[in-house]
Amino acid sequence: MVWSKGEAGGFMLELKKLSERVWYMPFESERDRPNLGYVKGDNWSLAIDAGHSEVHVKEFYELLEKEGLPLPSLTVLTHCHWDHTFGMHAVNGLCLANEKTNAYLAEWKGKIEAKGPAEFLALHESIRKEYADNKPVIVKLADMIFEGEMTLDLGGCKVQVMLADSPHTDDSTLVYVCDDKILFLGDSPYSQFQTGKKDPALCKKLADKIKSINPEICVEGHWQPVETEDTLNDLMEC
């Protein structure tokens, strides 16, 4: 999650098209909702991130259905933070995460099931707004775990899922839609949540990784899609 990367969104729900195969539901600052990505293959479809809550997921799916798009068969998590993952119990199909992400989710799951959601709700006002009116907080683990890098063939559309060093967390996953040259970064370019600092060495590693992928468009978790150079410049200012 990130609190300081600009203000946009609001409560108007919309689905934006980035290419013939890629859409996203824009982020919203007030409830700290990230961009949710969607990739349509000829055989099956994929979502990037599982959202902040069940309500977030349902609103995303309503927009997909309105556009005549099938619900995702698989949802890939970019990292463990709740605004990207706590809607997992409501997603269609299966969820894919790296091992570290799943381990962090297991910690939250155990804590909330043992002690209730008070500690989680105390973290920030945006969480309390997302979970207003005593909405239940449910943490689910991923259905599948990957290591390193894998390529998914959605049918006429290949998507690479890969681990990456990041200044934000130590469990970042990048999702690259190859032919469309669109890279979903999650919150990986942002500062470390607890300290608000960005490690220059990790910024450089992430920048080098992005350069090696060579996308045209980067989609960060809480900002509008930008040309790759914009993301790289931001990273190199660390």
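**Notes on the cysteines, salt bridges and a few odd residues**

1. Let's start with the cysteines. The sulfur of C178 has its closest cysteine sulfur in C157, and at 7.7 Å that is too far for a bond. C218 is worse off: its closest cysteine sulfur is the one in C178, 14 Å away, so again there is no bond to be had. A disulfide would need the two sulfur atoms within 2.5 Å, and by that rule the count for this structure comes to zero. Do keep in mind that we are looking at a predicted model.

2. While we are on C218, is that residue buried or exposed? C218 is buried, because its relative accessible area is 0%. C218 also sits in a strand, β12, which covers residues 217-220.

3. Next, salt bridges. How many does the structure hold? The total is 15. As a reminder, side chains of opposite charge can pair when their charged atoms come close. I have picked out a few for comment below.

4. K109 and E113 form a salt bridge with the closest N and O atoms 2.7 Å apart. The two residues are four apart in helix α3, residues 99-115, so about one helical turn separates them. As for cover, K109 is partly exposed at 27% relative accessible area, while E113 counts as exposed at 56%.

5. E14 and K16 also pair up, and here the closest N and O atoms are 4.0 Å apart. The limit used for a salt bridge is 4 Å, so you may want to look at this pair yourself. E14 is partly exposed, with 27% relative accessible area, and K16 is partly exposed too, at 34%. K16 belongs to strand β1, which runs over residues 16-17.

6. D234 and K198 make another salt bridge, given as 4.0 Å from N to O. D234 lies in helix α7 and K198 in the loop between β11 (182-186) and α6, so this pair ties together parts that are 36 residues apart in sequence. K198 is partly exposed, at 26% relative accessibility.

7. There is also a network to look at. R33, E59 and E130 are linked through salt bridges. R33 is part of the loop between β2 (22-25) and β3 (36-40), and that loop comes up again in point 9.

8. Which residues gather in a patch of negative charge on the surface? They are E216, E227, E229 and D230. D230 is placed in helix α7, residues 228-236, and so is E229, going by that range. D230 counts as partly exposed because its relative accessibility is 37%.

9. Backbone check. Most residues other than glycine have a negative phi. D32 goes the other way, with phi near 50 degrees. D32 is in the loop between β2 (22-25) and β3 (36-40), and D32 counts as buried because its relative accessibility is 2%.

10. N214 is another case: it is not a glycine, yet its phi is positive, at about 60 degrees. You will find N214 in the loop between α6 (200-213) and β12 (217-220). N214 is partly exposed, with a relative accessible area of 48%, whereas D32 is buried. I'd look at both backbones in the viewer.

11. Now for some distances. M12 lies in the segment before β1 (16-17) and is exposed, with a relative accessible area of 60%. From M12 to T173 the chain runs through 161 residues, and the C-alpha atoms of the two are separated by 28 Å.

12. S19 is found in the loop between β1 and β2. Is S19 buried or exposed? At 16% relative accessible area, S19 is buried, since the cut-off for that word is under 20%. S19 and M88 are 69 residues apart in sequence, with 26 Å between their C-alpha atoms.

13. Last one: L74, placed in strand β5, residues 74-76. L74 counts as buried because its relative accessibility is 5%. Between L74 and G37 there are 12 Å in space, C-alpha to C-alpha, for 37 residues in sequence. G37 falls within strand β3, residues 36-40.

How values were computed:
Residues numbered from 1 in each chain as written. Predicted model: local features only at pLDDT ≥ 70, side-chain atom pairs only at ≥ 80, totals over all residues. Heavy atoms only, no water. Patch = residues over 30% accessible without salt bridge, like charges linked within 9 Å, V, L, I, M, F, W, Y side chains within 5 Å. Areas by Shrake-Rupley, 256 points an atom, 1.4 Å probe, with all protein chains shown as cover. Salt bridge = Lys/Arg side-chain N within 4 Å of Asp/Glu carboxyl O. Lys, Arg positive; Asp, Glu negative; His and termini not counted. Charge placed at Lys NZ, Arg CZ, Asp CG, Glu CD. Buried < 20%, exposed > 50% of the residue type's maximum accessible area, 1.4 Å probe, protein only.
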